[in-house]
Amino acid sequence: MPKVLISDKLSPAAVQIFKDRGIDVDFQPDLGKDKDKLAEVIGQYDGLAIRSATKVTEKILENADNLKVIGRAGIGVDNVDREAASKKGVIVMNTPFGNMITTAEHAIAMMFAVARQIPEASASTHAGKWEKSKFMGVELTGKTLGVIGAGNIGGIVCDRARGLKMKVVAYDPFLSQEKADKMGVAKVELEELLKRADFITLHVPLTDQTRNILSRENLEKTKKGVRIINCARGGLVDEEALADLLKSGHVAGAAFDVFAEEPAKENPLFGLPNVVCTPHLGAATTEAQENVALQVADQMSDYLLTGA
Ligand code: MLT
């Protein structure tokens, strides 16, 4: 009977699926934080199911003599050393669809939050101040949203933004003109997006091609008063440069769920006015966590039981 270790906080629904499929499962949701312990025990398992807390390093993989599959309940597999996994013949799978709506909704929520300064206004109201004139916002209707990456999550963001009567321009080398037309968005080059957008939202993975895509140089090309939302990955935006441009008033606001260093305890954006921050909550809804847990358990079971 194949044996799977769950080393992160995964919905209990996943445990049940493994059991129902006849797979022996160890649910140890805190083990992922203890690299040495994980390296010690990994040799016993055929499968490893993780979220983002477990970092599957080369050292862990060196000891993974029986491991056949790593399943990431979520999209990004940047917490897995994929080169080391592939050298060891271990398949790495993710669940690209389970949390896409939830993440897109978070980006939209962050756009509203930064447009109307909701977190600051809420804190001020809780503090017993009544600062009605301090929190003047901007409307979204009629504004141009620049979407960098119009794949699964970016595509949903485009759809929701169109529902809000925004004009949407998208930069995505993989987006066909036909698909853009169907989505009702204008397919543009990055330079044009930077020039035209009132709000910019990022929905690309962090790769060598996308790292620092909003570099200082590119941020300086944006429209004055732009607001920037990042619910994709830290490292896509030059945070120091963005902080400078927020301080100078060129950028009017930013809403960030992801940071170059996570967990983010310090960051150039922290403490600046009209910067909304959340601790990588993009996929954090009960629905999405249930979806990704079910999907990863099913996919891993299929692979372990049938090799498919
Ligand atoms: C993902 O890659 O699925 C999201 O960023 C969510 C997460 O890492 O928890």
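How many residues does helix α7 have, and how far does this helix reach from its first C-alpha to its last? Helix α7 spans residues 152–163, which gives 12 residues, and the reach is 17 Å, close to the 16 Å expected at 1.5 Å a residue. Before we go on, please keep in mind that this is a predicted model.

Let us stay with α7 for a moment. Its buried residues are Ile 153, Gly 154, Gly 155, Ile 156, Val 157, Cys 158 and Ala 161. An α-helix has 3.6 residues a turn, so residues three or four places apart point the same way. What do the buried residues of α7 pack against? Their partners are the helices α5 (100–116) and α8 (177–183), together with the strands β6 (144–148), β7 (167–171) and β9 (199–202). After α7 comes Lys 165, which has a positive phi near 70 degrees.

Two of those strands lead us straight into a sheet. Strands β6, β7 and β9 belong to an open sheet of 7 strands with parallel pairing, in the order β8-β7-β6-β9-β10-β11-β12. At its edges are β8 (186–187) and β12 (275–277), each of which pairs on one side only. Towards the β12 edge, β11 (residues 251–256) runs parallel to β12 and is joined to this strand by 3 bridges. Here you can find Ala 254 standing opposite Val 275 in β12. Helix α11 (residues 239–248) lies across β10 (226–230), β11 and β12, and runs at about 140 degrees to β11.

The loop between β11 and β12 is worth a visit, as Pro 263 is found there. A cis peptide bond joins Glu 262 to Pro 263, with omega at about -5 degrees. Most residues other than glycine have a negative phi, and most peptide bonds are trans.

With that background, two more loop residues can be introduced. Gln 117, in the loop between α5 and α6 (118–126), is not a glycine, yet has a positive phi of about 50 degrees. Is Gln 117 buried or partly exposed? Gln 117 counts as partly exposed because it has 19 C-beta neighbours inside 10 Å, while a buried residue needs 20 or more. Asn 212 sits in the loop between β9 and α10 (216–220), and its phi is also positive, about 60 degrees, although Asn 212 is not a glycine. With 15 other C-beta atoms within 10 Å, Asn 212 is partly exposed.

Now let us turn to another sheet. This open sheet has 5 strands in the order β2-β1-β3-β4-β5, and the pairing is parallel. Strands β2 (24–27) and β5 (91–94) each have a single partner strand, so one side of each is left without a neighbour in the sheet. Neighbouring strands are turned by 20 degrees against each other on average, direction ignored. Helix α1 (residues 12–20) packs on this sheet, where it touches β1 (3–6), β2 and β3 (47–50), and its direction makes about 160 degrees with that of β2. Helix α12 (residues 286–306) lies across β1, β3, β4 and β5, running at about 165 degrees to β4.

Strand β3 is a good place to look into the sheet. Both of its faces are covered: Gly 47 and Ala 49 on one side, and Leu 48 and Ile 50 on the other, are all buried. Strand β3 runs parallel to β1, with 3 bridges between them, and parallel to β4, with 4 bridges. Leu 48 ties the picture together, standing opposite Leu 5 and also opposite Ile 70 in β4. Moving on from there, β4 (residues 69–72) and β5 pair in the parallel sense over 4 bridges, and Gly 71 stands opposite Met 93 in β5.

On β1 you will find Ile 6. Ile 6 counts as buried because it has 31 C-beta neighbours inside 10 Å. Leaving aside neighbours within four places in sequence, its contacts include Ala 14, Val 15, Val 25, Phe 27 and Ala 49. The C-alpha atoms of Ile 6 and Leu 31 are 8.5 Å from each other, though their positions lie 25 residues apart along the chain.

Finally, which residues surround the ligand? They are Arg 51, Ser 52, Gly 74, Ile 75, Gly 76, Asn 99, Gly 282 and Ala 283. Sorted by class, this shell has 2 nonpolar, 5 polar and 1 charged residues.

Terms used: Residues are numbered from 1 along each chain as its sequence is written. This is a predicted model: local features need pLDDT of at least 70, side-chain atom pairs count only at pLDDT 80 or more; totals for chains, interfaces and linings use all residues. A residue is near a molecule or strand if its C-beta atom, placed from the backbone, lies within 6 Å of it. Ala, Val, Leu, Ile, Met, Phe, Trp, Tyr, Cys and Pro count as nonpolar, Asp, Glu, Lys and Arg as charged, and the others, Gly among them, as polar. Two strands pair if DSSP finds at least two bridges between them. Helices (H or I, at least four residues) and strands (E, at least two) are DSSP runs, numbered from the N terminus. Axes are lines fitted to C-alpha atoms, for helices over the stretch in contact, and angles run from 0 to 180 degrees between N-to-C directions. Two residues are in contact if their C-beta atoms, placed from the backbone, lie within 7 Å. The expected span of a helix is 1.5 Å times one less than its number of residues. A residue is buried if 20 or more other C-beta atoms lie within 10 Å of its own, exposed if 12 or fewer, and partly exposed in between; C-beta atoms are placed from the backbone.
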